[in-house]
Amino acid sequence: MKVTETKLKGCYIIEPRVYHDHRGCFFESFNQQEFEAAIGEKVDFVQDNQSCSYKGVVRALHYQVGAYAQAKLVRVLRGRVLDVAVDLRKDSPTFGDYIAVELSDENKKQVFIPKGFAHGFITLSETAEFFYKCDSFYQKEAEGGVVYNDPDINIDWMLPKDEIILSDRDASLPKLKDARL
Ligand SMILES: Cc1cn([C@H]2C[C@H](O)[C@@H](COP(=O)(O)OP(=O)(O)O[C@H]3O[C@@H](C)C(=O)[C@@H](O)[C@H]3O)O2)c(=O)[nH]c1=O
């Protein structure tokens, strides 16, 4: 497993070691011991989520506030997405900055997104199956969000605006400057 810290402190790209043979491939998609040693902290994941999306679907930019804040370990089971994490830690020197990482069933990359970040992705393949672990349970009342095209963050979503598909909620999320943090 190769672990690389991104320009956003505490946010990591994880590349599992993949074994190939005449049957196909094998890899450890999560190993708590190695994972904690690599990121230097304890993480107790309590919920796994899976979503499937059509090309152009943007699910973003989401987080939970306060005691319900979630760290997430995200990956793609099938297809290809651009995954985005935005630093919303108020005291962070990189507040408002983002990283974007292509995740696919081919590259098998994962991203660890600590608490204090907003997270989202766009589906670049015809369909994508997305999977992630969370270290805190879903709590509807604690949901926060920032609109995906906030000009102050200025994310390049790689597809033209008329190809982007949003939920009603995501279409009406506030800009970062008005968000509940
Ligand atoms: C996130 C979530 C949603 N739901 C329900 C609520 C709703 O009826 C339905 C769909 O929810 P959403 O539209 O919020 O799903 P989605 O837009 O996929 O939300 C997710 O987006 C990605 C980017 C994240 O990072 C996640 O934390 C989560 O916010 O599923 C749960 O039951 N448990 C959960 O943990």
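**Exercise 1.** Which residue in β2 is the bridge partner of Glu5?

*Solution.* This is a predicted model, in which local features need pLDDT of at least 70 and side-chain atom pairs count only at pLDDT 80 or more, while totals for chains, interfaces and linings use all residues. Residues are numbered from 1 along each chain as its sequence is written. Begin with the strands, which are DSSP runs of E of at least two residues, numbered from the N terminus. Strand β1 (residues 2–5) pairs with β2 in the antiparallel sense over four bridges, where pairing requires that DSSP finds at least two bridges between two strands. Within β2, the partner of Glu5 is Tyr12.

**Exercise 2.** Which residues of β2 point to one face and are buried?

*Solution.* A residue is buried if 20 or more other C-beta atoms, placed from the backbone, lie within 10 Å of its own. The side chains along β2 alternate, with Tyr12 and Ile14 on one face and buried, whereas Ile13 and Glu15 point to the other face and are not buried.

**Exercise 3.** Which strands do bridges join to β10, and how are the faces of β10 covered?

*Solution.* First, β2 (residues 12–15) runs antiparallel to β10 and is joined to it by three bridges; here Tyr12 stands opposite Phe112, and Ile13 has Val111 as its bridge partner. Next, four bridges join β7 (residues 72–78) to β10, again antiparallel, and Arg75 stands opposite Gln110. Finally, β10 (residues 110–113) is covered on both faces, since Gln110 and Phe112 on one side are buried, as are Val111 and Ile113 on the other.

Notes. Buried ≥ 20, exposed ≤ 12 C-beta atoms within 10 Å, placed from the backbone.
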